[in-house]
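Reader: Hi! I'm new to this, and I'd like a close look at one part of this protein: the greasy patch on its surface. Could you walk me through that, and then show me how the rest of the chain fits around it?

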Amino acid sequence: MNDFCLWSVTGMAALISLTTLWRLWADRERLAREELTDEDRSFAWRIVIFLIFPFLTFLDLRATIVACDLYGGSVAHWVYGLMWYHLEPSGLTSNQSLIGVYFAGAILQLALAVCMLPSLLFRPHPFLATLVGYTIAFIFGLNLIADPLLSVINMGSPRWQIVYDALPADKRVAFMAVHAAAASIYLALMFSQRVRMLFARLSRPVASDELRGALRDFRSHPDSGRLACRVGLLYDKAGLRRRARAQLKRLKKSCPSSLYATFLEAVLSYRRRDYRVARQAFILASDYPGVAGELKASLLAAAACAAFAGEDIIGALNLSERALEFDDYCLIARMVKVDVFLRQGKKEEAGEEILLAMREGLTLDLEKKVPLDSEAAFESIAQLEDRLGDRIRAPQRDLQRQSRD
């Protein structure tokens with residue numbers, strides 16, 4: 001049964017690896033763009049897991065075999081399964097040789113990750129920088145975090161159990177302390193906002209440049225709700241989600257009744273998949289005085305997206321219908337209706353909505369527009385603020401309802 005499960009994993013990994021290679025070739029022009037989408041970054045992780053990880057596994061296997069030969073032993077039998085391998089060394093008599101053989105692959109992988117770090121100093125293409133960064137993080141996470149934890153439940157490499165059995169008590173404690181320190185440093189670096197900012201400059205250079213400019217303006221005018229909201233949106237665009245949430249808290253504290261605070265909360269809540277809060281915030285933003293036309297339609301359509309993502313099909317349909325009342329050319333609202341009709345099995349109604357959108361000249365291009373085009377919506381809010389000034393405030397009853405929710 002265990003062999004069947006392992007080879008089933010191999011078969012699935014091989015199939016996904018082949019489709020990943022095909023997509024890598026088919027989307028080569030898309031990946032050459034300077035600005036990557038979330039889908040592109042997800043695809044980078046797919047390359048790491050299903051193309052690079054099998055190579056790392058084979059590298060681990062070969063390093064173990066070579067180390068076994070160097071220590072005077074031999075490998076009687078080995079099996080490679082893309083995501084795993086198994087070998088049976090023989091002729092190793094000392095504990096030191098056992099440890100050296102079983103840790104040879106991990107040491108080689110970590111050395112490879114360290115050698116890849118200088119390549120980031122040359123500021124490669126954003127997709128290549130993303131791929132290299134993800135690979136380095138994956139290698140360290142695999143060897144310092146994942147593999148030891150999997151070994152505890154007998155699913156990882158046997159090297160950790162071998163070390164535990166082979167080393168004397170005092171050296172065992174020292175080894176574990178060194179490993180715990182290395183793992184802690186790795187986790188600290190992964191959660192470091194400074195490291196994340198540096199990586200954002202490599203993988204998202206356009207958003208990072210815009211963010212640096214917005215931060216300069218915001219430091220000059222720290223009381224501006226418009227600049228605070230823009231910085232929060234750009235933090236999210238640059239992948240700095242924690243800083244974006246901190247910026248939202250600052251904005252809600254300084255301008256609690258501002259449309260900017262409500263809008264930023266809606267966008268960030270949708271990004272972190274808190275669809276209930278996102279839906280309420282988008283609806284509240286659409287009810288602000290002066291919000292009408294395309295802006296109101298886009299906010300209601302975004303609320304429809306959140307409702308659909310939260311499995312409220314009827315609510316999504318009603319919100320999309322409301323959005324189309326204010327802007328008949330709102331693509332997001334029409335596509336939400338298409339998704340709702342398809343979920344309900346109404347294929348003819350879905351087809352009619354698509355044909356209607358095409359007759360109206362809509363391109364059906366939803367890239368960077370789900371749940372809404374945040375940059376266009378922000379500019380519309382800024383224009384609305386220029387016209388209304390301090391009159392663009394939420395009614396007190398809506399603020400009380402929002403605080404209760």
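Author: Sure! Let's start with helix α7, which covers residues 169-191 and gives the most to the nonpolar surface patch, with five residues. Keep in mind that this is a predicted model. The patch comes to about 500 Å², and the residues that make it are I185, L187, L189, M190, F191 and V195.

Pick out M190 for a moment. M190 sits in helix α7. Is M190 buried or exposed? Neither, quite: its relative accessible area is 30%, so M190 is partly exposed, because that label covers values from the 20% limit for buried up to the 50% limit for exposed.

For contrast, hop over to helix α5, residues 126-152, where you'll find T135. T135 has a relative accessible area of 4%, so it counts as buried, the cut-off being under 20%. While you're there, look for P118: it is 17 residues from T135 along the chain, and the two C-alpha atoms are 14 Å apart.

Now zoom out. The chain has 19 helices and two strands, and its C-alpha atoms fill a box of roughly 80 × 55 × 40 Å along the principal axes. Of the 405 residues in the chain, 45% are buried.

With that many helices, it's worth seeing how a pair of them packs. Try α14 (residues 293-309) and α16 (residues 331-343): their axes come within 8 Å and cross at roughly 25°. That makes α14 and α16 roughly parallel to each other, because angles under 35 degrees count that way. The crossing of α14 and α16 is left-handed.

Last stop: the loops, and a few quirks of the backbone. Most residues other than glycine have a negative phi, and most peptide bonds are trans. L82, in the loop between β1 (74-80) and β2 (85-90), goes the other way, with a positive phi near 65°. R273 also has a positive phi near 65°, and you'll find R273 in the loop between α12 (259-271) and α13 (275-286). R273 has 63% relative accessibility, so it counts as exposed. Finally, V370 and P371 are joined by a cis peptide bond, with omega about 0°. P371 lies in the loop between α17 (347-359) and α18 (374-388).

Definitions and conventions. Residues are numbered from 1 along each chain as its sequence is written. This is a predicted model: local features need pLDDT of at least 70, side-chain atom pairs count only at pLDDT 80 or more; totals for chains, interfaces and linings use all residues. Side-chain values use heavy atoms; hydrogens and water are left out. Patches are made of residues with over 30% relative accessible area and no salt bridge: like charges are joined within 9 Å, nonpolar side chains (Val, Leu, Ile, Met, Phe, Trp, Tyr) within 5 Å. Accessible areas come from the Shrake-Rupley method with a 1.4 Å probe; for residues, only the protein chains shown count as cover. A salt bridge is a side-chain nitrogen of Lys or Arg within 4 Å of a carboxyl oxygen of Asp or Glu. Helices (H or I, at least four residues) and strands (E, at least two) are DSSP runs, numbered from the N terminus. Buried means under 20% relative accessible area, exposed over 50%, partly exposed in between (1.4 Å probe, protein chains only). Axes are lines fitted to C-alpha atoms, for helices over the stretch in contact, and angles run from 0 to 180 degrees between N-to-C directions. Angles under 35 degrees count as roughly parallel, over 145 as roughly antiparallel, 65 to 115 as roughly perpendicular and the rest as oblique. A crossing is left-handed if the near helix is turned anticlockwise from the far one by less than a right angle, and right-handed if clockwise.
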